[in-house]
Amino acid sequence: MKIGIVCYPTFGGSGVVATELGLELSKRGHEIHFITYNQPVRLELLSNNVHYHEVNVPEYPLFHYQPYELALSSKLVDMVKLHQIEVLHVHYAIPHAYAAYMAQKMLRDENIYVPIVTTLHGTDITLVGSHPFYKPAVTFSINKSDAVTAVSKSLKEDTLRLFDIKKEIDVVTNFIDVKKYNHGFTDCQRDMMATEDEKIITHISNLRPVKRIADVIKIFNNIQKEMPAKLMLVGEGPDKEKAELLCEKLNISDKVIFFGKSNEIDKILCFSDLFLLPSETESFGLAALEAMVSSVPVISSNTGGIPEVNKQGVTGYLSNVGDVEEMSKNAIYVLSDSERLNTFKANAKKEAERFDIHHIVPQYEAIYQRTLNRCLIS
Ligand code: GMT
């Protein structure tokens with residue numbers, strides 16, 4: 001199949017999922033066309049059947065806001081025609097499903113029909129999409145998609161609750177390439193980060209308010225009072241400065257390493273003992289899954305789709321959003337006994353294997369095929 005993938009090309013989970021999906025589909029013989037405003041961060045190698053088409057938005061001083069959706073829908077029309085793209089898979093309702101619908105309409109006028117598969121990732125629904133300013137457009141674009149998927153059962157329920165949805169929503173979860181994480185690093189360079197007796201606690205995100213970075217730091221502060229420990233904070237975002245100030249205030253700056261954005265998540269997770277994800281809301285929690293596949297147990301909130309990934313008392317512990325005390329106690333419990341910690345580590349890895357890319361990608365292929373069959377009938 002020739003598949004066009006539209007996504008946000010940034011470090012966020014949706015961009016990672018879209019990129020890894022495209023790369024895996026290309027390995028399975030499909031021709032993939034990424035169409036977005038920057039080359040996706042995890043898309044390092046282009047090949048015969050992986051292409052990237054940049055959407056340019058010319059600056060025009062009269063426009064207070066440059067019309068990205070317009071440029072994207074025009075680019076989609078051009079690319080579908082040029083490369084005979086058969087299916088458009090758009091990640092995020094806003095504005096991608098909306099732009100894809102416009103492209104579909106324009107192509108229809110030229111007797112070309114290309115089905116749209118929309119994947120909902122979370123913030124397009126729970127944080128931004130349900131805002132009254134966007135809600136009618138989001139509802140419309142979801143209902144006009146030929147197939148809609150959500151990355152967790154919880155996100156499907158939220159979508160049905162918040163919007164008037166007439167379309168069937170398939171749950172296709174986030175995934176992980178287990179093989180890629182079975183790298184067996186012999187030297188994790190752990191000793192460059194911490195001494196042997198120090199536990200390494202990690203948090204990876206885009207440091208937005210929804211990630212509750214202050215909770216991460218407070219939980220770590222409680223842990224380090226009980227045992228020698230270091231905190232690895234990976235990512236860039238609006239709450240970074242606040243996080244640095246809080247570390248200073250708690251007098252733990254020397255125990256916290258700010259990594260910034262990193263493409264070496266697997267290496268960082270390789271030397272981690274515990275992952276913290278106390279988010280306010282999280283449709284799935286890909287970061288937790290990436291930790292688990294690296295044998296890192298997770299202390300998280302119990303919001304959104306996280307309980308579908310992190311299993312209470314098995315791969316880690318879950319608490320109500322903001323319950324820093326309980327999260328700290330659970331973290332200390334997991335870390336304080338090495339045999340117990342090893343059991344949690346093994347469980348985390350085992351549970352993550354359920355989400356292996358090879359189980360999930362065929363589900364997308366089946367959905368593409370279904371939309372194509374339908375369009376042949378109609
Ligand atoms: O929350 C992020 O860090 C980024 C965000 C995004 O929009 O890319 O991630 C969302 O999509 C991921 C992939 O499906 C999910 O694993 C994350 O849980 C989800 N984030 C939220 O729902 C807050």
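In the predicted model, Thr 202 is buried, with a relative accessible area of 0%. This value lies under the 20% limit, and the residue is therefore classed as buried. Thr 202 belongs to strand β8, which spans residues 199–204. When neighbours within four places in sequence are set aside, the contacts of Thr 202 comprise Leu 231 and Met 232, together with Ile 268, Leu 269, Ser 272, Leu 274, Phe 275 and Leu 276.

The ligand is surrounded by 19 residues, of which Ser 14, Tyr 92, His 121, Asn 174 and Glu 282 are the closest. By residue class, this shell consists of 11 polar, 5 nonpolar and 3 charged residues. Both domain 1 (2–175 + 357–377) and domain 2 (179–355) supply at least three residues to the shell. Among the elements that contribute, helix α1 (residues 13–27) gives the most, with 3 residues.

Polar atoms of the protein lie close to oxygen atoms of the ligand at several positions, including Asn 206, Lys 211 and Gly 285. In the side chain of Lys 211, an N or O atom is 2.8 Å from a ligand oxygen. For Gly 285, a polar backbone atom is 2.9 Å from an oxygen atom of the ligand. A polar side-chain atom of Asn 206 is placed 3.1 Å from a ligand oxygen. Of the 490 Å² of accessible area that the ligand has on its own, 94% is covered by the protein.

Note on methods. Residues numbered from 1 in each chain as written. Predicted model: local features only at pLDDT ≥ 70, side-chain atom pairs only at ≥ 80, totals over all residues. Heavy atoms only, no water. Near = heavy atom within 4 Å. Polar contact = N/O pair within 3.5 Å; in protein donor to acceptor, adjacent residues only side chain to side chain. Areas by Shrake-Rupley, 256 points an atom, 1.4 Å probe, with all protein chains shown as cover. Helix = DSSP H or I, 4+ residues; strand = E, 2+ residues; numbered from the N terminus. Nonpolar A, V, L, I, M, F, W, Y, C, P; charged D, E, K, R; others polar. Domains from an automatic or database assignment. Buried < 20%, exposed > 50% of the residue type's maximum accessible area, 1.4 Å probe, protein only. Contact = heavy atoms within 4.5 Å.
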